[in-house]
Amino acid sequence: MAPAADESLASEEMTHMPVMSVARFERFFRVVAGLDVDKDDLRRYDDFIHHKLHDLLVRAEAAAKANGRDVIQPYDLPITKGLQECMHTFRTLDEQIELTPILTRLATLPPLDLSASDSTEAELPWIAGGLSVALARSFGIIDPKLKNPQTVQWERSFKLFDLLL
C-alpha cells in the first residue's frame, strides 16, 4: 500500500534536514525539558514554529496598520514577558547547541500585506527559539513525568499555544 501524499511529502522534507540538524534538535529538547523526540516530532515542531510565527506576525501587522505604518517593526510583535524570558533562555542555550542557523531557515516570513523591517526579520530566529523553549517546557506542565511526547501531548501543547498566542 502506497503512503499518503502528506506522509511522503513530510518524509521527503525530513530527509532534506541534515542529520546533524536532527541531532541538535533532539539535544535541544533533552537539555531544555528532558524529552526524547524523534523525526516525527521534529515535523510537528516545524509546523508549530511556522504557525506560531505566522500568528505573531498577523498581530504585528495589525498593530503596524493601526499605528499608520507600512512596515512591521519589532515592537509591533506581541511578545509577552514569558516569551521574552524563553527567548533569553534560548540565547543562553544556543551557545552550546547552535540552533540559530537552523531556526534562521525555519523562521521565514509568511505572505503578509505589510513588509517587515530588517530588524524584525533578524528577531525571528530568536522568537522561534523562545517559542521552542516554551513548547518544550509545556510538555512538563501537561505531564510532569513525560519523557517521550506522543501525538496527544503535541496536540494538547498546540491547543494551549493557540489559546494564548
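What is the volume of the largest pocket? In this predicted model, the largest pocket has a volume of about 290 Å³. Before turning to its walls, it is useful to survey the chain that forms them.

The protein chain contains seven helices and two strands. Read from the N terminus, its elements follow the order α-α-α-β-α-α-β-α-α. The chain has 165 residues, and 40% of them are buried. Its exposed surface amounts to about 9300 Å², of which carbon and sulfur atoms supply 54%. The contacts also show how the sequence is brought together in space. When contacts between residues at least 6 apart in sequence are considered, 71% of them join residues that are at least 24 apart.

The pocket may now be examined in more detail. Rolling a probe the size of a water molecule over the atoms reveals where empty space remains. The lining of the largest pocket consists of 13 residues, and those nearest its centre are Ala-134, Ser-138, Ile-141, Phe-161 and Leu-164. Three helices each supply at least two residues of this lining: α4, spanning 81–97, α6, spanning 118–142, and α7, spanning 151–164. Of the contributors, α6 gives the most, with five residues. Sorted by class, the lining has nine nonpolar residues, three polar residues and one charged residue.

Helix α6 also holds Leu-124, a residue that merits separate attention. Is Leu-124 buried or exposed? Its relative accessible area is 1%, and because buried means under 20%, Leu-124 is classed as buried. Which residues does Leu-124 touch, apart from its neighbours within four places in sequence? Leu-124 is in contact with Leu-53, Leu-57, Ala-107 and Leu-109. A further relation links Leu-124 to Thr-108: the two are 16 residues apart in sequence, while their C-alpha atoms are 7.7 Å apart in space.

A contrasting case is provided by Glu-98. This residue is located in the loop between α4 and α5, the latter covering 100–106. Glu-98 is not a glycine, yet it has a positive phi of about 60°. Why does Glu-98 count as partly exposed? The relative accessibility of Glu-98 is 43%, and the partly exposed class lies between the buried limit of 20% and the exposed limit of 50%; Glu-98 therefore counts as partly exposed.

Taken together, these details connect the helices to the pocket. Helix α6 contains the buried Leu-124 and also gives the most residues to the lining of the largest pocket. Helix α4, which precedes the loop holding Glu-98, supplies at least two residues of that lining.

Key
Residues are numbered from 1 along each chain as its sequence is written. This is a predicted model: local features need pLDDT of at least 70, side-chain atom pairs count only at pLDDT 80 or more; totals for chains, interfaces and linings use all residues. Side-chain values use heavy atoms; hydrogens and water are left out. On a 1 Å grid over the protein atoms alone, a cavity is a set of points where a 1.4 Å probe fits but cannot get out, and a pocket is an open set with protein on both sides within 12 Å along at least five of seven lines; lining residues have an atom within 4 Å of a point. Grid points are joined across faces, edges and corners, and a volume is the space filled by probe spheres set on the points. Helices (H or I, at least four residues) and strands (E, at least two) are DSSP runs, numbered from the N terminus. Ala, Val, Leu, Ile, Met, Phe, Trp, Tyr, Cys and Pro count as nonpolar, Asp, Glu, Lys and Arg as charged, and the others, Gly among them, as polar. Buried means under 20% relative accessible area, exposed over 50%, partly exposed in between (1.4 Å probe, protein chains only). Contact means heavy atoms within 4.5 Å. Accessible areas come from the Shrake-Rupley method with a 1.4 Å probe; for residues, only the protein chains shown count as cover.
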